Each structure stands twice: as C-alpha cells, then as structure tokens.
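Grab a coffee and work through these exercises with the structure open beside you. Try each task before you read the solution under it.

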Amino acid sequence: MSAKYTASERSRVANRSTFVSVLVNVLLTLLQIVFGLVTASYSLIADALHSLSDLVSDVVVLVANRFAKQKPDAKHPFGHFRFETVAVLIIAVLLFVVGAQIIMTSVERIQSGVVIEINAGLAFFIALVAILAKEFLYRYMAYEAKRVESAMLMANAVHARSDSISSLVVALGLAAHFFGIMYADLVASLIVGSMIAFMGLRMGWNALMDLADRSVDKETLDKITNAIRETPGVVDFHDLKTRKAGDFILVELHLDLPGTMTIAEGHSISDGIDARIKKDVPLVMSVLTHFDPIYIPEPEELERIEEREL
C-alpha cells in the first residue's frame with residue numbers, strides 16, 4: 001500500500017473528487033441538453049449524453065470505492081480492491097454503449113439527407129463553456145489520482161478528458177457549420193461517438209487483463225527484481241509472479257537459499273525482501289516467498305573439483 005496514503009485516505013480523496021465531478025457534470029448535462037434542443041445541434045446533444053455517462057460513472061466509482069475500502073474478511077482474505085477494477089470495466093462498457101449509440105444516430109441522420117438549420121453561434125459558445133469546465137475537471141481529478149496513485153480515479157479523470165476533447169470537436173463542427181458546411185454538426189457528432197467508443201474499448205480491455213491476473217508493467221517488474229537481488233543473503237530466485245488487486249500488487253517468488261541455512265535465517269532474508277520491495281514499489285500489498293534449498297560447495301571442495309578438472 002502507498003507509503004504516504006492509507007486506504008481510508010485514498011477513499012476520502014476519491015469521494016471528494018468524485019462529488020466535484022458529479023456537480024460539474026450535472027450542470028453541464030442540463031446546460032448542453034437545454035441549449036442542444038434550443039439550437040437544434042445534435043453534436044451538442046451527443047456531448048450532453050457523454051456528460052450524462054460521466055454522471056453514471058461517478059456513481060459507479062462512489063459505489064466501488066465504498067466496497068473497495070472494506071477490510072479483508074474470511075471470504076475475501078486479500079481485501080476487496082478488485083471492486084475498483086470492476087468499476088473501471090463498467091465505466092468502459094458504458095462509454096462504448098454511449099459511443100455506439102451516437103455513431104448509429106449520426107449515420108442515420110446523415111443518410112436521411114435532411115439538413116436542419118441550427119443556431120451554430122449560440123451552440124458554439126456553449127461548447128466553449130463545456131471545454132473549459134471539462135478540462136478543469138480532468139486536471140483536478142488527474143492530479144488527485146496521481147497523488148494517491150488510484151487507477152480507478154485516473155480512469156474517471158481520463159473520461160473527463162475525453163469529454164473535453166469531444167467538446168472541442170463539437171466546437172470545431174459548429175464553427176464549420178456557421179461558415180456554411182451544413183453537415184459539419186453531424187460529422188462532429190459522429191467523430192465524438194467514435195472517440196467515446198474507442199476509449200471504452202481500450203479501458204475495458206485493460207480492466208479485463210487486470211481481472212485475468214495480468215503481470216505488472218516492465219518498469220515496475222524491474223524495480224521488484226532489483227529490490228530482490230539487492231537484498232543481502234539472496235543467492236538467486238525464480239518463478240517471480242505479480243498480479244493486480246485494484247490499484248495494488250501481489251507478488252510471489254521462489255528463493256534459492258543454502259540448504260544448510262536455518263529457517264530463522266531464511267525468514268530474515270524473506271522479511272528483508274518484503275521490506276525492500278514495498279519501499280521501492282509502495283503499491284505492493286503482499287509478498288509471498290517459498291524457500292528452495294540448494295547445495296553450495298565449501299571453498300575447499302571447490303578447489304578439489306577444480307584440481308580434478310585440470
């Protein structure tokens with residue numbers, strides 16, 4: 001677990017930032033839907049649906065955060081941290097469904113050939129307001145996510161950034177419509193839908209891989225490997241395995257130790273490995289070691305072996 005922030009502190013940060021997100025998204029959704037209908041801009045309404053999906057994902061994060069902070073019990077000895085990964089997966093599915101719906105509606109409207117007059121100037125102004133609000137939300141949530149090292153909170157922050165980018169696309173489409181490109185608004189909504197769906201697929205794939213016990217990234221694995229090798233008394237090791245539990249990491253490995261070593265000495269080396277790994281990689285929650293005895297010849301025996309080989 002993070003050396004700087006406990007699970008309860010991370011939970012408080014997640015709740016606080018998510019409530020800020022809820023407030024911003026409620027206001028933006030209402031603003032975009034009302035002015036999307038007033039101006040007849042489907043891209044603005046599509047962007048409102050994206051903001052509405054943010055509201056649902058905020059609720060998912062709050063619920064998952066409540067479960068994830070529960071202490072380990074008999075049925076969940078490793079804790080409930082994977083609720084965070086499940087929350088990311090739900091958010092991903094939500095993004096994909098919303099994106100696919102926007103894509104289908106945009107294509108149908110373009111194929112119909114019906115050109116709808118929209119108040120592009122007013123809709124453009126609302127899109128600019130949305131861009132500023134969503135970019136602020138992304139920066140705030142990303143800062144908090146990095147500070148407490150929360151993948152779930154970062155997923156929600158990335159969702160907010162996708163909203164900011166989609167609002168930018170909407171603004172560009174409305175500007176093009178204002179200057180006479182009549183289908184620009186629908187093309188903008190089509191692009192927004194594609195962006196949302198793609199982000200959902202990418203987030204969903206990563207969440208599924210974590211649920212399938214994917215190993216940590218190479219940089220983190222190298223840190224863990226170096227921490228083991230630098231521990232005094234370690235001869236060698238093998239079968240190093242890592243997997244994620246929410247934001248946290250579980251580590252397993254086999255230690256090669258001299259067969260003449262006492263259990264107490266081996267346990268001391270194991271404790272040293274545990275401490276070094278958790279110092280270098282604070283998100284490591286558990287380190288499980290297994291001792292494999294090996295035979296190490298005495299110096300005199302090595303000399304006799306070398307003499308025979310000569």
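## Warming up on helix H7

**Exercise 1.** Aspartate 222 comes out at 33% relative accessibility, which makes it partly exposed. Find the salt-bridge partner of aspartate 222 and work out how the pair sits in its helix.

*Solution.* Start with the class: buried stops at under 20% and exposed begins over 50%, so a value of 33% puts aspartate 222 in the partly exposed group. Next, look for the partner: lysine 218 makes a salt bridge with aspartate 222, with 2.9 Å between the closest N and O atoms. Then check the spacing: both residues belong to helix H7 (residues 218–229) and sit four residues apart, about one turn of the helix. Finally, lysine 218 has 62% relative accessibility and counts as exposed.

Keep in mind that this is a predicted model. Helix H7 has the highest mean pLDDT among the elements, 92, while helix H9 (residues 299–309) has the lowest, 58. Across the protein the average pLDDT is 81, and 84% of the residues score at least 70.

**Exercise 2.** Look at glutamate 135 and arginine 139: which of them is buried and which is exposed?

*Solution.* First, the contact: their side chains form a salt bridge, 3.1 Å from N to O. Second, the spacing: the two are four residues apart in helix H4 (residues 120–148), so about one helical turn separates them. Third, the accessibility: glutamate 135 has a relative accessible area of 17% and is buried, whereas arginine 139, at 56%, is exposed.

**Exercise 3.** Find the salt-bridge partner of aspartate 274, then say which residues share partners in one network.

*Solution.* The partner is lysine 278, and the closest N and O atoms are 3.3 Å apart. Both residues lie in helix H8, again four residues apart, about one turn of the helix. Lysine 278 is partly exposed, with a relative accessible area of 29%. As for the network, Arg16, Glu144 and Arg147 are linked by salt bridges that share partners. For the overall tally, the whole structure holds nine salt bridges.

**Exercise 4.** Trace the path from strand S2 to strand S3 and give the handedness of the unit.

*Solution.* Begin with the order of elements: the protein reads α-α-α-α-α-α-α-β-β-α-β-α along the sequence, with nine helices and three strands in total. Now zoom in on the strands: S2 (residues 248–258) and S3 (residues 284–294) run parallel and are joined by 10 bridges. One pairing to check on screen is glutamate 252 with its bridge partner in S3, leucine 288. Add helix H8 (residues 263–280), and S2, H8 and S3 give a β-α-β unit that is right-handed. One tip for looking at side chains: in a regular strand they alternate between the two faces of the sheet.

**Exercise 5.** Which residues make up the nonpolar surface patch, and where does methionine 182 sit?

*Solution.* The patch consists of Ile110, Met182, Tyr183, Val187 and Ile191, and together they have about 350 Å² of accessible area. Methionine 182 is found in the loop between helix H5 (151–178) and helix H6 (184–211). With 30% relative accessibility, methionine 182 counts as partly exposed. For contrast with the surface, 45% of the protein's 310 residues count as buried.

Definitions and conventions: Residues numbered from 1 in each chain as written. Predicted model: local features only at pLDDT ≥ 70, side-chain atom pairs only at ≥ 80, totals over all residues. Heavy atoms only, no water. Pairing = 2+ DSSP bridges. Right-handed = clockwise from strand over helix to strand, strands pointing away. Salt bridge = Lys/Arg side-chain N within 4 Å of Asp/Glu carboxyl O. Buried < 20%, exposed > 50% of the residue type's maximum accessible area, 1.4 Å probe, protein only. Patch = residues over 30% accessible without salt bridge, like charges linked within 9 Å, V, L, I, M, F, W, Y side chains within 5 Å. Areas by Shrake-Rupley, 256 points an atom, 1.4 Å probe, with all protein chains shown as cover. pLDDT = per-residue confidence, 0-100.
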